[in-house]
Structures are given as C-alpha cells and as structure tokens.
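Got your viewer open and a selection box ready? Load the model below and let's walk through it stop by stop.

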Amino acid sequence: MSNCEQTNIELRDRFEEMLKAGKVSFKFTKKDKTTRLAIGTLHPDYLPRQNLNEQELAAQQAKAAQSRIDNPFLIRYWDLGVGGFRAVDVLSLQEEPEVAE
C-alpha cells in the first residue's frame, strides 16, 4: 500500500469516526463538479427511527457493504440539512471536516 493510499484510508476512518461522534460540517465537490457544504452525522441521536423488518434491514446492510466494495472511500451519512441519507467520497472533500454546533 502506498503512502497516498494509507493517507486516504486514514482520512476516511477519521471522517467516519467524526460522523459517528456527532454533527460534522464539510465541503465537497459533487459529481457534477459543483461545491456543496453539508452538515452530516452518523450519531444515533440524530438518525431517524426506522422500523425495519429483518429482510429490509439485511437489504440495507447489503447495499451499504456493496457500496463500500465498489468505492472504499464512499461514506453514507445522514444529511441534517436535507433530512435524508446521502453519500460522499472522502477524496472529494475540499477541506478538513469540522465538528458542527
């Protein structure tokens, strides 16, 4: 593994831990090349309650796992501004993510 790959993995892991800990503000380049500022989280206190049966839960987990295989730098998060799940490629981040209030 190259130093660049290791740095990208560390960035992904650090960003994911920040999202799990609370609200995070970050700026990234979307696929259409526009810039977007987002506030996201993976903290359970901010996620919507979902009443999923076992089959629905398994389907969601399989989709998330496949996304990670397709792109190991893609992170799904809850977008607090949009009120829905979104995904961001950590390689598209324009600056260091920050803890949001």
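What follows is a tour by selection, from the inside of the fold to its charged pairs and its tail.

Two bits of housekeeping. This is a predicted model, so local features need pLDDT of at least 70 and side-chain atom pairs count only at pLDDT 80 or more, while totals for chains, interfaces and linings use all residues. Residues are numbered from 1 along each chain as its sequence is written, and side-chain values use heavy atoms, with hydrogens and water left out.

**Stop 1: the core.** Select Phe-15, Leu-19, Phe-26, Tyr-77 and Leu-93. In the largest nonpolar core, which has 14 residues, these five touch the most other members. A nonpolar core here is a set of buried Ala, Val, Leu, Ile, Met, Phe, Trp, Tyr and Cys residues joined through side-chain atoms within 4.5 Å. Now colour by element: α1, β1 (24–29) and β3 each give two or more residues to this core. Helices (H or I, at least four residues) and strands (E, at least two) are DSSP runs, numbered from the N terminus. As background, nonpolar side chains in soluble globular proteins tend to be buried together.

**Stop 2: Asn-8.** Stay on helix α1 (residues 3–21) and pick Asn-8. Is Asn-8 buried or exposed? It is buried, with a relative accessible area of 18%. The scale runs like this: buried is under 20% relative accessible area, exposed is over 50%, and partly exposed is in between (1.4 Å probe, protein chains only). Show what surrounds Asn-8 and you'll find contacts to Phe-73, Val-90 and Leu-91, leaving out residues up to four places away in sequence; contact means heavy atoms within 4.5 Å.

**Stop 3: Asp-79.** Next, jump to strand β3 and select Asp-79. Its relative accessible area is 1%, so Asp-79 is buried. Which side chain does the side chain of Asp-79 meet in a polar contact? Draw a distance to Arg-36: the contact is 2.7 Å. Draw another to the backbone nitrogen of Gly-81, which the Asp-79 side chain reaches at 2.9 Å. A polar contact is a pair of N or O atoms within 3.5 Å; within protein, one must be able to donate a hydrogen and the other to accept it, and residues adjacent in sequence count only if both atoms are side-chain atoms. Neighbours within four places in sequence aside, Asp-79 is in contact with Arg-36, Ala-38, Ile-39, Gly-40, Gly-84 and Arg-86.

**Stop 4: the loop after β3.** Leu-80 sits in the loop between β3 (74–79) and β4 (84–89). With a relative accessible area of 31%, Leu-80 is partly exposed. Add Ile-39 and Tyr-46 to the selection and switch on the surface: with Leu-80 they make a nonpolar patch of about 230 Å². Patches are made of residues with over 30% relative accessible area and no salt bridge, where like charges are joined within 9 Å and nonpolar side chains (Val, Leu, Ile, Met, Phe, Trp, Tyr) within 5 Å. Also in the loop between β3 and β4 is Val-82, partly exposed at 41% relative accessible area.

**Stop 5: Lys-33.** Check the backbone torsions in the loop between β1 and β2 (35–41), where Lys-33 is found. Its phi is near 75°, a positive value in a residue other than glycine. Lys-33 counts as exposed, at 68% relative accessibility.

**Stop 6: salt bridges.** How many salt bridges does a search of the whole structure find? Four, each a side-chain nitrogen of Lys or Arg within 4 Å of a carboxyl oxygen of Asp or Glu. Here are three to select:

- Arg-12 and Asp-13, with their closest N and O atoms 3.0 Å apart. Arg-12 is buried at 14% relative accessible area, whereas Asp-13 is partly exposed at 33%.
- Arg-14 and Glu-96, with 3.3 Å between the closest N and O atoms. This pair links helix α1 to the loop between β4 and β5 (98–99), 82 residues apart.
- Lys-27 and Glu-95, at 4.0 Å from N to O. Lys-27 is in strand β1 and Glu-95 in the loop between β4 and β5, so the pair ties together parts 68 residues apart in sequence.

**Last stop: Glu-101.** Finish in the segment after β5 with Glu-101, which is exposed at 88% relative accessible area. Draw a line from its C-alpha to that of Leu-19: these atoms are separated by 13 Å, with the two positions 82 residues apart along the chain.

Key. Accessible areas come from the Shrake-Rupley method with a 1.4 Å probe; for residues, only the protein chains shown count as cover.
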